[in-house]
Amino acid sequence: MQHQKILILDFGSQVTQLIARRVREAHVFCEVHPCDVSDEWVREYAADGQLKGIILSGSHASVYEETTDKAPQAVFELGIPVLGICYGMQTMAHQLGGKVEGGHKREFGFAAVRARGHTKLLEGIQDFATPEGHGMLEVWMSHGDKVTELPPGFKLMASTDSCPIAGMADEDRGFYAVQFHPEVTHTKQGAALLERFVLGICQTRPDWIMGDYISEAVTKIREQVGDEEVILGLSGGVDSSVAAALIHRAIGDQLTCVFVDHGLLRLNEGDMVMDMFAGKLHAKVIRVDASDLFLGQLAGVSEPEAKRKIIGGLFVDVFKSEAAKLKAGNASSKGATFLAQGTIYPDVIESGGAKSKKAVTIKSHHNVGGLPEQLGLKLLEPLRELFKDEVRELGVALGLPPEMVYRHPFPGPGLGVRILGEVKKDYADLLRRADAIFIEELRNFRDEASGKTWYDLTSQAFTVFLPVKSVGVMGDGRTYDYVVALRAVQTSDFMTADWAELPYALLKKVSSRIINEVRGINRVTYDVSSKPPATIEWE
């Protein structure tokens, strides 16, 4: 199926991916490409007739500097609608004959914008009205420069006291631009504005739906693989699990999953993975217990990056060994010719020109350490067009249990980076049990206002093992045992995060259970650091 699409040109904004996510939420397919693609590339991209609109992202740069990127001129010559956001508005104004100047002060944060001109983009969209009847929008601004003179043919669409031209439109040509950021949640009507642009103005068909996408993806996998065989490193995480379920739906026993248990998984996680994929989906899964190997190599290593490199390197070694065994042990088979990976769209964007600002073709993100080259295998990446929330939707549509698909993120090195300092088996065993109690109680406690569990209300929650001991008292005896820290955060994009204000009753219950049920821990703390300045994980 050919999807109608929106092209997003990335000028280096930190939130460009949010634009794409909002467009996808309107069930419209879109792609992010670097802003410095050529005019020829843009025309070729539009040649199939499926391109319905273009969005120009924000940037930290100033358009009046000679070295600054501009939009390809072809963008304004295709005869399709264009939306400029923040810097995207400024480069539109600058390139089409308007004027952009540096502001006296940077405008960052909340602003109330007056909607003017009753354009198609903003008609009927407002947060409140003034006593004079002016429609107002509550938005998020982040800019230093501003448009000071409209290009020919444009009219004023929005304004604030400090930014007289906060929006502009040339409706004859379908060009619209706003100085604020509709993609961030702080702009209350942002989703409505973007939906109005892609569905109303661009008239794009809303056919990007995960339930319908399965048959499309299955057909694509079958065409790519044919009668060849595929090997996949199954971690138990969301991305590899959904990739495995989708590929198995497409080619069945042509897929072999290798599940490497490095001894740093959560409580009973290995058994859960095997039960789901080998038991319920009847997929071929080889479980490799490599815990002694990993823990042996990690002995005496305390530095976080060193631990990550050891775990990543050993995973590659174990996976290569199992791939070789598969090929040697099956005389009737040539062995796997494809390596499947759970690469998702943010990996693809970040691996291409978005960071380097070079318009090279977007490269795949080798999320298992360059294995394709080392094994001489072709890549199969069935999720490479999807964002994380779409991967989760797809997982549920494939029949994976929601509690597996909507689990909080878990780092690739597992508990190896949640045990501060040296990793030891007894530390991992203590942490596993303490973490399981924390997660269980988060699932048990409901917020009265929303009715949701605190697990659903937090974006990521886990326990950290601290390699320090503290004095305690149990019964009539003195204890000298280990300390753990609880960590729970709320975030929409994981770029910034606030610590979750969990109820005291919940924290009390978790602390009491851990201290009473996990012999060897006598103190529980709660991390109240936000990101920034802290990171979400401790290592």
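User: Leaving aside its neighbours within four places in sequence, which residues is Glu183 in contact with?
Analyst: Keep in mind that this is a predicted model. Glu183 is found in the loop between β10 (175-178) and α4 (190-201). Skipping neighbours within four places in sequence, the residues in contact with Glu183 are Val15, Leu18, Ile19, Arg22, Ile85 and Leu194.

User: Is Glu183 buried or exposed?
Analyst: The relative accessible area of Glu183 comes out at 0%. Buried means under 20%, so Glu183 counts as buried.

User: What is the largest C-alpha distance among the "active site" residues that UniProt lists?
Analyst: The unreviewed UniProt entry lists Cys86, His181 and Glu183 under "active site". They're spread over 98 residues of sequence, yet they cluster in space. The largest C-alpha distance is 10.9 Å.

User: And Cys86, is that one buried or exposed?
Analyst: Cys86 has its place in the loop between β4 (82-85) and α3 (87-95). Its relative accessible area is 3%, and the cut-off for buried is under 20%. So Cys86 is buried.

User: Which helix gives the largest share of the largest nonpolar core?
Analyst: That core has 47 residues, and Leu442, Leu502 and Ile514 have the most contacts inside it. Nine residues of this core come from one helix, covering residues 425-444. That helix, with the largest share, is α15.

User: Which residues is Leu502 in contact with, leaving aside its neighbours within four places in sequence?
Analyst: Leu502 is one of the residues with the most contacts inside the largest nonpolar core. With those sequence neighbours left aside, Leu502 is in contact with Phe438, Leu442, Trp454, Thr458, Ala488, Leu507 and Tyr526.

Note on methods: Residues numbered from 1 in each chain as written. Predicted model: local features only at pLDDT ≥ 70, side-chain atom pairs only at ≥ 80, totals over all residues. Heavy atoms only, no water. Core = buried A, V, L, I, M, F, W, Y, C linked by side-chain atoms within 4.5 Å. Buried < 20%, exposed > 50% of the residue type's maximum accessible area, 1.4 Å probe, protein only. Helix = DSSP H or I, 4+ residues; strand = E, 2+ residues; numbered from the N terminus. Contact = heavy atoms within 4.5 Å. UniProt positions renumbered as here; feature names shortened; annotations may be inferred.
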